[in-house]
Amino acid sequence: AFFGAEFEETTAEAAAEAQEATAETTEVEMASEVAKATERQVFFGAELNRVPKTMMTLCYDSYGQIGKVLKFKELPVPTPGPGQVLVKVNAAALNPLDYKVMAGHFKTVFPRSLPAVPGCEASGTVVAVGPAGVEAYSPHFKDGVEVPSTYPRVGDEVWADVTTDGGGMAEYVVVNVGALASKPSNLSHEEAAAMPVAGTTALVALRDAAKLTEGESVLILGGAGGCGSLAVQIAKSLGAGRIVTTASNSNTAALLSLGADEVVDYRQYVKWHEQLAGQKFDVVLDCVGGRANWAAAKAEGGVLGPEGRFVTIAGDTTDPLGEPLTKTRLIKSALRLLGRKIRGRVVGQQYVSFYKTPSRSSLQDLKALVETGAVVPVIDRVYPLSAEGGMDLFSRAMNRALGCNECTSSGKVVLSVDHDDLRIEKLTAEGQARVDAREKKKQAYFVAIKEAEVVTAK
């Protein structure tokens with residue numbers, strides 16, 4: 001509050017001094033006054049935006065059930081290394097990968113350093129740049145002509161895909177320069193945070209993996225999820241001739257408004273592939289997972305066309321909360337994938353198990369679609385970065401994954417980061433701790449006095 005007030009005051013003073021300048025004031029005097037005012041603004045502005053040494057986070061010190069391991073805890077602010085930047089987070093979003101990693105399903109294959117902070121996608125402002133490897137952040141000269149930076153610079157608003165290391169559910173996160181891009185100008189931070197992972201996954205799956213072309217038909221399994229709701233819109237923007245998706249009946253109107261031509265209620269007694277019997281699709285995008293979906297699509301009389309492409313972002317798992325990924329299971333999955341690839345070459349139907357890595361170019365392509373209005377974020381709920389907010393966030397997402405009747409809405413669950421509230425809360429806690437320490441010291445003093453009186457009396 002102090003530095004913010006001083007910053008505003010120096011700004012107002014500079015404006016007042018400029019207005020009061022008379023004709024007799026020399027240019028040198030004016031330049032000197034402006035320089036002083038600017039110096040004060042820079043100082044107080046820097047103090048206002050100074051990166052602290054610690055930050056509040058949602059994190060876990062061990063793997064296990066969310067309710068037992070998730071903590072609202074203070075950790076050191078990370079330092080960006082070569083080729084990295086530090087982003088002040090305004091919002092982050094939850095993905096299924098977050099609670100699967102926290103549960104320890106991938107610890108034998110892809111272990112995380114503990115304590116770990118979840119959050120695969122975030123939106124915020126660049127506040128610091130690594131010591132080397134990010135020269136592209138600064139404009140440079142070529143043949144006497146200034147070439148603008150190819151990446152956002154300090155102070156620019158960005159959205160980021162931090163799938164590799166996580167860390168979005170904190171006040172600050174370190175991001176590799178190849179995993180972020182300028183935030184779409186028409187989105188808030190909460191809206192932007194809901195899209196980097198889900199949006200680029202849907203885009204690359206349909207455009208690159210499925211090679212969806214104009215006029216082709218596409219079936220999207222799980223259209224109400226974070227990825228599925230964006231996939232419907234991206235398929236529309238790619239010129240799909242017919243878009244059908246599966247979802248609960250409560251999400252039908254929303255998905256039709258996003259561009260779906262038909263919504264199949266998967267909760268009906270008749271299964272989705274039976275409801276679509278007789279129809280053929282050029283592309284099937286599976287956002288749900290399970291061997292049954294592939295089996296139903298490729299079966300004789302199934303929905304996958306003779307030259308169709310079946311793309312899955314969820315694999316064969318049947319547990320919506322994930323299953324432990326052991327080395328044995330990984331080998332079996334690889335063998336099944338190989339068998340499906342060979343089958344595809346024989347019969348023509350292709351099976352693609354898809355996993356996307358963070359890509360700046362994909363974020364830029366998605367940004368272009370967002371800024372033209374072709375794709376809009378779909379948000380279910382927004383929660384604050386706090387102990388209660390964190391538990392509510394994970395509970396909401398996991399209940400939706402399990403198909404609870406109370407959690408049937410579409411879109412992403414998002415975490416909003418209010419740095420001012422967190423700082424005030426921290427200062428209040430520190431102040432209370434000081435009061436408690438003084439009270440404890442005072443009580444100890446009185447106890448010592450009484451003990452001394454007893455000794456004196458004896």
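Which residue in β7 does Ala-122 stand opposite? Keep that question in mind while loading the model, which is a predicted one, and begin with the whole chain before selecting anything smaller.

**The whole chain**

With the cartoon displayed, the protein chain shows 14 helices and 17 strands. Buried residues account for 45% of its 458 residues, and about 23,200 Å² of the chain is exposed, with carbon and sulfur atoms supplying 56% of that area. Among contacts with a separation of 6 or more, 76% are between residues 24 or more positions apart.

**Strands β3, β4 and β7**

Select β3 (residues 84-93) together with β4 (residues 121-129), and the two will be seen to run antiparallel, joined by eight bridges. Ala-92 of β3 has Ala-122 opposite it in β4. Now add β7 (157-161), which pairs with β4 in the antiparallel sense over five bridges; here the opening question is settled, for the residue opposite Ala-122 is Ala-160.

Stay in β3 and centre the view on Val-89, which has 0% relative accessibility and therefore counts as buried. Its C-alpha atom is separated by 6.6 Å from that of Ala-122, although the two residues are 33 apart along the chain. Leaving aside neighbours within four places in sequence, the contacts of Val-89 include Ala-122, Ser-123 and Gly-124, as well as Tyr-172, Val-417 and His-419.

**The two nonpolar cores**

Next, show side chains for Val-87, Leu-94, Met-169, Val-175, Leu-393 and Phe-394, which touch the most other members of the largest nonpolar core, a set of 46 residues. Of these, Val-175 is a useful one to centre on: beyond its neighbours within four places in sequence, its contacts are Gly-83, Gln-84, Val-85, Val-87, Ala-160, Val-162 and Leu-180. A second core, separate from that one and made up of 42 residues, includes Trp-159, Ala-235, Leu-255 and Val-263.

**The parallel sheet**

Turn now to the open sheet of six strands, whose order is β12-β11-β10-β13-β14-β15 and whose pairing is parallel. At its edges stand β12 (262-265) and β15 (350-353), each of which has a single partner strand, so one side of each lacks a neighbour in the sheet. From one strand to the next, the twist averages 15°.

Within this sheet, select β13 (residues 281-286) and β14 (residues 304-312), a parallel pair joined by five bridges; Asp-286 has Thr-312 as its bridge partner in β14. Helix α10 (residues 291-298) packs on the sheet, where it touches β10 (217-221), β13, β14 and β15, and the direction of α10 makes about 165° with that of β14.

In β10, pick Ser-217. Is this residue buried or exposed? Its relative accessibility is 10%, so Ser-217 counts as buried. Setting aside neighbours within four places in sequence, Ser-217 is in contact with Arg-242, Lys-280, Phe-281, Asp-282 and Val-283.

**Helices α12 and α6**

Select α12 (residues 360-371), a helix of twelve residues that reaches 16 Å from its first C-alpha to its last, close to the 16 Å expected at 1.5 Å a residue. Its buried residues are Arg-360, Ser-362, Leu-363, Leu-366, Lys-367, Leu-369 and Val-370, and they pack against β7, β9 (180-182), α6 (196-209) and α7 (226-237). After α12 comes Gly-373, with a positive phi near 85°.

From there, move to α6, which is mostly covered, with twelve of its 14 residues buried; among them are Pro-196, Thr-200, Leu-203, Leu-206 and Ala-209.

**Two places to inspect the backbone**

Most residues other than glycine have a negative phi, and most peptide bonds are trans. Just after α6, however, Lys-211 takes a positive phi of about 50°, although Lys-211 is not a glycine. Lys-211 is located in the loop between α6 and β10, and with a relative accessible area of 56% it is exposed.

For the last stop, select Leu-114 and Pro-115, which are joined by a cis peptide bond with omega about 0°. Pro-115 belongs to the loop between α4 (96-102) and β4, and moving along to β4 brings back Ala-122, with Ala-160 of β7 opposite.

Methods. Residues numbered from 1 in each chain as written. Predicted model: local features only at pLDDT ≥ 70, side-chain atom pairs only at ≥ 80, totals over all residues. Heavy atoms only, no water. Core = buried A, V, L, I, M, F, W, Y, C linked by side-chain atoms within 4.5 Å. Buried < 20%, exposed > 50% of the residue type's maximum accessible area, 1.4 Å probe, protein only. Contact = heavy atoms within 4.5 Å. Pairing = 2+ DSSP bridges. Helix = DSSP H or I, 4+ residues; strand = E, 2+ residues; numbered from the N terminus. Axes fitted to C-alpha atoms, helices over the stretch in contact; angles between N-to-C directions. Expected span 1.5 Å × (residues − 1). Areas by Shrake-Rupley, 256 points an atom, 1.4 Å probe, with all protein chains shown as cover.
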